[in-house]
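Me: I'd like to learn how to read a structure feature by feature. Could you walk me through one?

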Amino acid sequence: MIGELRGQVATQLAARTAEAGALEVEDREQLGWQLVVETVARWGTDYAATTKPLSKAQESEVAQAVFDDLFRAGRLQPLLNDPGVEDIRICGNDPVEVIYQDRPRAILPPLVASDADLVTLINQLARTQGQGERTLSPAGPTLNMRLVDGSRLTAAYLVTPRPQVVIRKHRLRSTHLGDLVGWGTLDSVLAQFLAAAVRARKNIFIVGGQGAGKTSLLRAMSREIAPGERIGTLESEFELWLHELEGGPQVVPFEEREGNGERDAQGRLLGQITMADLFPQLLRMSLRRVIVGEVRSVEVVPMLHAMNEGEGGSMCTLHARTARSAIDRVVTLCLESGIGMTTELAYRLIAQAVDFIVYIRQVDETEIGGVKHRFVEEVLEVTGIGEGGRPAVQRIFAPRGDGEAREPRGVPHTTPLCIDDLERAGFNRQWLHNPAGSWGPKPQTVRPL
């Protein structure tokens with residue numbers, strides 16, 4: 001029924017748009033809503049004549065469903081509208097798994113009647129909300145795209161026994177370090193330290209596991225960049241949204257593009273533009289800093305070169321299980337770049353390019369009756385070449401104590417070698433003299449941290 005009404009409205013909208021000429025997005029949606037209301041009202045009258053009258057609330061619900069199907073994410077839209085949702089996981093027409101920020105996961109009724117319906121839904125989203133011409137098909141069995149609300153959708157079809165979809169929501173686009181203090185991700189000393197590191201133009205890797213909050217922390221730290229400073233962002237899908245924030249730096253945003261499923265003679269997807277492809281163009285844009293949403297592949301090498309050769313202040317995120325393992329992760333990506341990189345050269349690049357590694361940890365106890373906790377556990381300063389040619393590091397912030405006295409979150413350990421630079425950027429070295437930091441009460445966890 002919703003699909004039929006959607007088709008009627010789409011036909012009317014196409015005709016009205018042809019008469020009026022090109023419309024702005026808001027004007028088109030306003031006209032679409034008007035047509036939806038009129039179409040649903042007529043359908044409601046016919047429905048009442050054969051079955052029973054609909055209440056105003058029921059009619060409004062149908063109208064909203066038709067509008068969402070036409071202009072939003074259809075049956076997915078109520079989940080996307082829920083501010084507590086973090087991940088949506090769908091396997092064909094099975095019940096939907098939803099991961100929440102502050103409560104246990106839920107298993108909800110299926111969104112579609114069949115696996116084929118799920119593929120149809122995703123392809124409809126790709127046509128109406130995607131940034132390219134990709135759809136799920138035998139020629140293109142995988143799909144990654146950004147939805148209008150900023151959520152990231154990943155889908156697979158035919159290369160899995162059944163169609164699989166994962167949607168990762170970014171609930172907050174505008175965050176400041178003060179917000180992270182309020183949420184318990186940082187204490188006030190860490191917030192001041194990271195703000196000063198950004199202002200002092202230190203190159204920073206933010207590392208952690210999936211869903212730990214790396215992007216949110218990077219977004220908040222980027223707000224410390226001086227208003228009007230010209231920077232570039234490079235992402236697989238826009239997640240930082242720095243180019244949409246008012247009163248911030250002047251941002252040149254780049255987003256990679258997937259191919260259309262066909263391959264050239266070298267096996268490369270036609271139309272594909274990767275972050276590594278975009279990096280040279282990005283560096284020609286008269287930028288003072290480069291911010292990469294997430295380093296996953298060969299773009300790590302130009303990222304390190306940009307940190308080495310620029311004015312400083314570049315930042316990125318990286319998947320790593322600990323702060324120290326981030327170094328080996330970067331080395332592995334360098335060796336996989338296909339340019340003949342050696343371990344020794346990768347170590348040297350890291351030692352020359354990176355000033356700080358910030359590790360953010362997530363403790364998820366929602367499955368055992370608790371909640372999720374996210375906090376910065378460790379900050380390492382890279383101090384040059386150390387033993388065996390590896391980058392030398394020292395712990396500036398790290399957990400402290402044992403047993404009941406243990407503080408699992410990052411507290412001051414050592415004064416960084418670059419403290420003079422940080423003080424010129426507004427940091428007070430005396431704040432590092434409190435071994436307990438300035439954290440509030442310890443996280444209320446089911447199991448000890």
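Reply: What follows is a tour of sheets, cores, ring pairs and backbone angles in this predicted model.

Me: Let's begin with the sheets. In what order do the 6 strands of the open sheet lie?

Reply: With a sheet, read the strand order across it and then the direction of the pairing. Here the order is E3-E2-E1-E6-E5-E4, and the pairing is antiparallel. Strand E3 (106–108) and strand E4 (142–146) each have a single partner strand, so one side of each is left without a neighbour in the sheet. From one strand to the next, the twist averages 15°.

Me: How many bridges join strand E1 to strand E2?

Reply: There are 4 bridges between E1 (residues 85–91) and E2 (residues 96–100). For a residue-level landmark, take Asp 87, which faces Ile 99 in E2.

Me: And which helix packs on that sheet?

Reply: That's H5 (residues 115–129), which touches E1, E4, strand E5 (152–156) and strand E6 (164–168). The direction of H5 makes about 45° with that of E4. Between H5 and E4 comes a loop that holds Arg 134.

Me: Is Arg 134 buried or exposed?

Reply: Check the relative accessible area, where under 20% counts as buried. Arg 134 has 9%, so this arginine is buried. From Arg 134 to Asn 144 the C-alpha distance is 8.8 Å, with their positions 10 residues apart in sequence.

Me: Now the other open sheet. What is the order of its 9 strands?

Reply: Reading across, you get E9-E8-E10-E11-E7-E12-E13-E14-E15, with mixed pairing. At the edges are E9 and strand E15 (407–412), each paired on one side only. Neighbouring strands are turned by 25° against each other on average, direction ignored.

Me: In which sense do E7 and E11 pair?

Reply: They pair in the parallel sense, over 5 bridges. Within that pairing, Ile 206 stands opposite Thr 317 in E11. Helices also pack here: H8 lies across E7, E10, E11, E12 and E13, running at about 170° to E11. H10 touches E7, E10 and E11, and its direction makes about 145° with that of E11.

Me: Which residues of H10 are buried?

Reply: In H10 (residues 300–309), the buried ones include Val 300, Val 301, Met 303, Leu 304, Ala 306 and Met 307. Among the elements that the buried residues of H10 pack against are helix H9 (275–282), helix H11 (325–335) and helix H12 (343–353).

Me: How should I think about a nonpolar core?

Reply: The general idea is that in soluble globular proteins, nonpolar side chains tend to be buried together. In this model the largest nonpolar core has 45 residues, and Leu 186, Phe 193, Ile 204 and Leu 217 are among those with the most contacts inside it. Several elements supply at least two residues each, including helix H6 (177–183), strand E13 (372–385) and strand E14 (391–400). H7 gives the most, with 9 residues.

Me: What is Leu 217 in contact with, leaving aside its neighbours within four places in sequence?

Reply: Its contacts include Leu 177, Leu 180, Leu 194, Ile 206, Val 358 and Val 376. There is also a second, separate core of 40 residues, which includes Leu 278, Ala 346, Tyr 359 and Val 382.

Me: How many aromatic pairs does the structure hold?

Reply: It holds 6. For each pair, look at the distance between ring centres and the angle between planes. Phe 193 and Phe 356 have centres 5.3 Å apart and planes at 80°, so the pair is edge-to-face. Phe 193 lies in helix H7 and Phe 356 in strand E12, so the pair ties together parts that are 163 residues apart in sequence. Phe 193 and Phe 427 have centres 5.6 Å apart and planes at 90°, so this pair is edge-to-face as well. Ring pairs link Phe 193, Phe 356, Phe 397, Phe 427 and Trp 431 into a cluster.

Me: One last feature: how do I read phi?

Reply: Start from the background: most residues other than glycine have a negative phi. Leu 158, found in the loop between E5 and E6, has a positive phi of about 75°. Trp 241 has a positive phi of about 60°, and sits in the loop between strand E8 (230–235) and strand E9 (250–255). Trp 241 is buried, with a relative accessible area of 4%.

Conventions:
Residues numbered from 1 in each chain as written. Predicted model: local features only at pLDDT ≥ 70, side-chain atom pairs only at ≥ 80, totals over all residues. Heavy atoms only, no water. Pairing = 2+ DSSP bridges. Axes fitted to C-alpha atoms, helices over the stretch in contact; angles between N-to-C directions. Contact = heavy atoms within 4.5 Å. Buried < 20%, exposed > 50% of the residue type's maximum accessible area, 1.4 Å probe, protein only. Core = buried A, V, L, I, M, F, W, Y, C linked by side-chain atoms within 4.5 Å. Phe/Tyr/Trp six-rings, centres within 6.5 Å; stacked < 30°, edge-to-face > 60°.
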